[in-house]
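These are my notebook entries from a first reading of a structure that was new to me. I wrote them in the order in which I looked things up.

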Amino acid sequence: MEGTLIIVGVIAFIVIIFALNGLKVVPQSETKVIERLGKFQGVLPAGLNIIWPIIDRPKLVTVRDHRGRAYMTSCIDLREQVYDFPKQNVITKDNVTTEINALLYFQIVDPVKSVYEIENLPNAIEKLTQTTLRNVIGELELDETLTSRDTINAKLRAVLDDATNKWGVKVNRVELQDITPPESVRVAMEKQMQAERNRRAEILNAEGEKASAILKSEGEKTSQINNAEAEKAAVLLKAEGEAQAKILQAQAEAQAIAVVAEAIKNTKTDPASYLLATKYIQTLEQMVSGKDNKTVYIPYEASNMLASLGTIKDIFNK
């Protein structure tokens, strides 16, 4: 009886151990690939799962932690993962050796392919990224490499995504962290940048002086135009004034002639002769005027002058 109880207890213990080994709890966003007697059996979803002990076993795969250390586990992480690859030397198209390190963001979308299509997925992704990076950088010169990070990232992502598709991996993006050219190249680039800054400063200074000279010349031009217009306006005003004065003088003379003509209309005296005589006398008066003038003028035609005086006398006697 006691022997029977012992046997039953051993059997119950073995059943319990088997049952515990047959229960598998899979965390959220993870999965496990199950093999039965070495052959693929299925994929366990998240939560509580039951398998056959001994004959069913989770497949062990190689993964890396956040520090880059590799280890073996049966859980396959389905979340997006990031690999930070160490710096590596690449050669550009113009034969400049440059150190570059990159970040790779990828996600396992088919755990079966990631287990059976590649032996060591992390190592394969790293080596593929390094060789692809060398190929892409080898097609670009150093200046293009430094200024075309987005283009390089897009090319790397497209190539890696196409290559890792058969491994059940989706490459979401690739980011270049640092691009470090040699010290001699950096010094030369700094000198070139300084020379370029100096050139731009000189160009800006020259453009400023040019603009200043243009503004100054335009100001002088405007000033000369304004002065010319002012002088023109002054000449026009002066001419208009002189013309107006002559018109007024002519009108006054016309009125004077009319008055003289009215005064001598009943005499035999010619108005024109009268006016000529008056002008003649005024001219003689101007000629002999002056304090130091001791010259005596005798008209060449005295008889005409006397006749003029007689004419004037006759008019006033009337």
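Is E141 buried, partly exposed or exposed, and what is its relative accessible area? I looked this up before anything else, keeping in mind that I was working with a predicted model. E141 has a relative accessible area of 39%, so I entered it as partly exposed.

**Entry: the charged patch.** I then looked for the place of E141 along the chain and found it in the loop between α3 and α4, the latter covering residues 142-147. On the surface, E141 gathers with D94, D143 and E144 in a patch of negative charge.

**Entry: salt bridges.** I searched the whole structure for salt bridges and noted 9 of them. One of these is between the side chains of R64 and E126, with 2.5 Å from N to O. Because R64 lies in strand β6 (residues 61-64) and E126 in helix α3 (residues 121-138), this pair ties together parts that are 62 residues apart in sequence. I also checked how far each partner is covered: R64, at 22% relative accessibility, counts as partly exposed, whereas E126, at 10%, counts as buried. The cut-off that I needed for this step is that buried means under 20% relative accessible area.

**Entry: a network of three residues.** Next I followed D161, which forms a salt bridge with R157, where the closest N and O atoms are 3.9 Å apart. Both residues belong to helix α5 (residues 149-163), and because they are 4 residues apart there, about one helical turn separates them. The side chain of D161 also meets that of K170 in a salt bridge, at 3.2 Å from N to O. I therefore wrote down R157, D161 and K170 together, as they are linked in a network of salt bridges. Within this network, D161 is buried, with a relative accessible area of 17%, while R157 is partly exposed at 29% and K170 is partly exposed at 35%.

**Entry: N172 and strand β12.** I looked up N172 as well, and found it in strand β12, which covers residues 169-180. Its relative accessibility is 27%, so N172 counts as partly exposed. Between the C-alpha atoms of N172 and L160 I noted a separation of 9.5 Å, the two residues being 12 apart along the chain.

**Entry: the hairpin of β6 and β7.** I returned to strand β6, and asked how many bridges join it to strand β7 (residues 70-73). There are 4 bridges, and the two strands run antiparallel. As one of the pairings, I noted that V63 has Y71 as its bridge partner in β7. The two strands form a hairpin with 5 residues between them, and in the turn G68 has a positive phi of about 90°.

**Entry: strand β9.** Finally I asked which residues of strand β9 (residues 81-84) are on its covered face and which are on its uncovered face. Q81 and Y83 make up the covered face, whereas V82 and D84 make up the uncovered one. I added a reminder that in a regular strand the side chains alternate between the two faces of the sheet. β9 is joined by 4 bridges to strand β11 (residues 97-108), and these strands run antiparallel. For V82, on the uncovered face, I recorded Y105 as the bridge partner in β11.

Conventions: Residues are numbered from 1 along each chain as its sequence is written. This is a predicted model: local features need pLDDT of at least 70, side-chain atom pairs count only at pLDDT 80 or more; totals for chains, interfaces and linings use all residues. Side-chain values use heavy atoms; hydrogens and water are left out. A salt bridge is a side-chain nitrogen of Lys or Arg within 4 Å of a carboxyl oxygen of Asp or Glu. Buried means under 20% relative accessible area, exposed over 50%, partly exposed in between (1.4 Å probe, protein chains only). Two strands pair if DSSP finds at least two bridges between them. Patches are made of residues with over 30% relative accessible area and no salt bridge: like charges are joined within 9 Å, nonpolar side chains (Val, Leu, Ile, Met, Phe, Trp, Tyr) within 5 Å. Accessible areas come from the Shrake-Rupley method with a 1.4 Å probe; for residues, only the protein chains shown count as cover. Lys and Arg count as positive and Asp and Glu as negative; His and the chain ends are not counted. The place of a charge is taken as NZ of Lys, CZ of Arg, CG of Asp or CD of Glu.
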